[in-house]
Amino acid sequence: MQVEPIINERKSGIHRVNATFISFFHVGAVAALFFPSWQGIVAAVFLYWLAGSLGIGMGYHRLLTHRGFKTPKWLEYILTVCGMLALQDGAINWVATHRIHHQHTEVPGVDPHTPREGKWWSHAGWILTGTAQQHSESVLRRYAPDLYKDRVHVFLNRFYYMPLVILGLILLFAFGWSVFLWGVFFRVTLALHATWLVNSATHLWGSRRFATDDDSRNNWWVALLTFGEGWHNNHHAYPAAARHGLAWYEIDLNWWGIRLLQLLGLAKSIKLAPLNAISAPQQFVPTATKSE
Ligand SMILES: [Zn+2]
Ligand SMILES: [Zn+2]
């Protein structure tokens with residue numbers, strides 16, 4: 001799919017809403033360190049997996065952005081709501097941003113977060129300033145037309161912060177301050193950095209199995225933090241593949257989750273990289289596969 005670049009869309013200056021909330025969450029994450037409890041840490045670990053693996057990795061990324069597999073609609077919406085708990089914007093904004101990244105990878109001024117514009121820019125600078133993920137409606141409609149014609153997704157996208165607000169209130173009143181701070185502020189802040197590392201670290205550091213025409217890398221420690229999203233060179237070579245960890249040592253918990261859904265009859269039409277993909281190191285990948 002060839003799409004016009006969106007060079008003129010990018011705005012400059014501080015993104016006040018993002019900068020305010022991200023600062024606030026960092027303060028809350030530090031505050032959590034002063035109120036440690038086992039219940040708080042268990043809540044943080046469970047919600048980190050729920051929002052990060054089911055929500056962002058399997059839901060927002062592999063299902064909604066790349067359509068690497070199919071699920072029943074009710075499950076697609078549940079995975080979307082799990083993703084909303086990560087406070088990384090609604091699925092439509094996230095998906096459009098990520099599809100722009102894949103279609104214009106490393107193009108300064110167009111790729112939303114290429115490290116070629118600076119390491120800090122690719123990590124958090126892009127979300128704290130300028131356009132961030134707040135594209136115009138015409139850009140959102142152009143890059144996420146499939147989600148835009150789904151009224152449930154449009155509704156969820158508009159109120160993407162509500163599940164976290166409701167969860168936060170439940171945690172605060174049912175379990176107290178410690179679980180609230182760890183389950184919401186510490187967990188969300190850690191997960192934001194983990195996701196941002198996929199944009200920064202995996203385009204900077206790690207090995208390259210495929211000679212893609214971008215800077216993507218396979219980075220094991222980002223993969224551990226993100227349930228498998230760190231096998232990013234594999235992913236740029238075969239964007240639609242639902243499985244990113246291709247070798248046995250490339251741990252990919254998001255793929256295991258999709259496999260489990262498949263065994264339960266809830267994931268179908270799973271797309272995979274070709275069987276010979278890992279046997280030919282540094283193999284050339286034609287650009288045509290990029291926009292899948
Ligand atoms: Zn990338
Ligand atoms: Zn992707």
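Is E106 buried, exposed or partly exposed, going by its C-beta neighbours inside 10 Å? Keep the question in mind; the tour comes to E106 after a look at the whole chain. The model on screen is predicted.

**The whole chain**

Start with the protein chain in cartoon view. Its secondary structure consists of 13 helices and two strands. The radius of gyration is 18 Å, close to the 19 Å that the globule rule gives for 292 residues, so the chain is as compact as a globular protein of that length. Turn the C-alpha trace along its principal axes, and it spans about 55 × 45 × 40 Å. Of the 292 residues, 46% are buried. Among contacts with a separation of 6 or more, 72% are between residues 24 or more positions apart.

**E106**

Select E106, in the loop between α4 and α5 (119-128). E106 has 17 C-beta neighbours inside 10 Å; a buried residue needs 20 or more and an exposed one 12 or fewer, so E106 counts as partly exposed. Its backbone deserves a look too: phi is positive, about 70°, although E106 is not a glycine.

**S269**

Go next to S269, in the loop between α13 (253-263) and β2 (283-284). S269 is not a glycine either, yet it has a positive phi of about 50°. With 10 other C-beta atoms within 10 Å, S269 is exposed.

**Helix α8**

Now select residues 151-158, which form helix α8, and colour H153, L156 and N157, its buried residues. These cover an arc of only 100° around the axis, which puts them on the same side of α8. Give another colour to R151, F155 and R158, which are exposed on the other side of α8. What do the buried residues of α8 pack against? Show α3 (73-84), α4 (91-103) and α7 (145-148): these are their partners.

**Helices α9 and α10**

Two packed helices are described by the angle between their axes and the distance between the axes. For the last stop, select α9 (residues 162-175) and α10 (residues 177-199). Their axes come within 7 Å and cross at roughly 155°. An angle over 145 degrees counts as roughly antiparallel, and α9 and α10 are therefore roughly antiparallel to each other. Which residues make the contact? On α9, show L164, G168, L171, L172 and F175. On α10, show V179, F180, G183 and V184. The crossing of α9 past α10 is right-handed.

Definitions and conventions. Residues numbered from 1 in each chain as written. Chains lettered and ligands numbered in written order. Predicted model: local features only at pLDDT ≥ 70, side-chain atom pairs only at ≥ 80, totals over all residues. Helix = DSSP H or I, 4+ residues; strand = E, 2+ residues; numbered from the N terminus. Rg over C-alpha atoms; globule rule 2.2 N^0.38 Å. Contact = placed C-beta atoms within 7 Å. Arc of directions from axis to C-beta. Axes fitted to C-alpha atoms, helices over the stretch in contact; angles between N-to-C directions. Parallel < 35°, antiparallel > 145°, perpendicular 65-115°, else oblique. Left-handed = near helix turned anticlockwise from the far one by under 90°.
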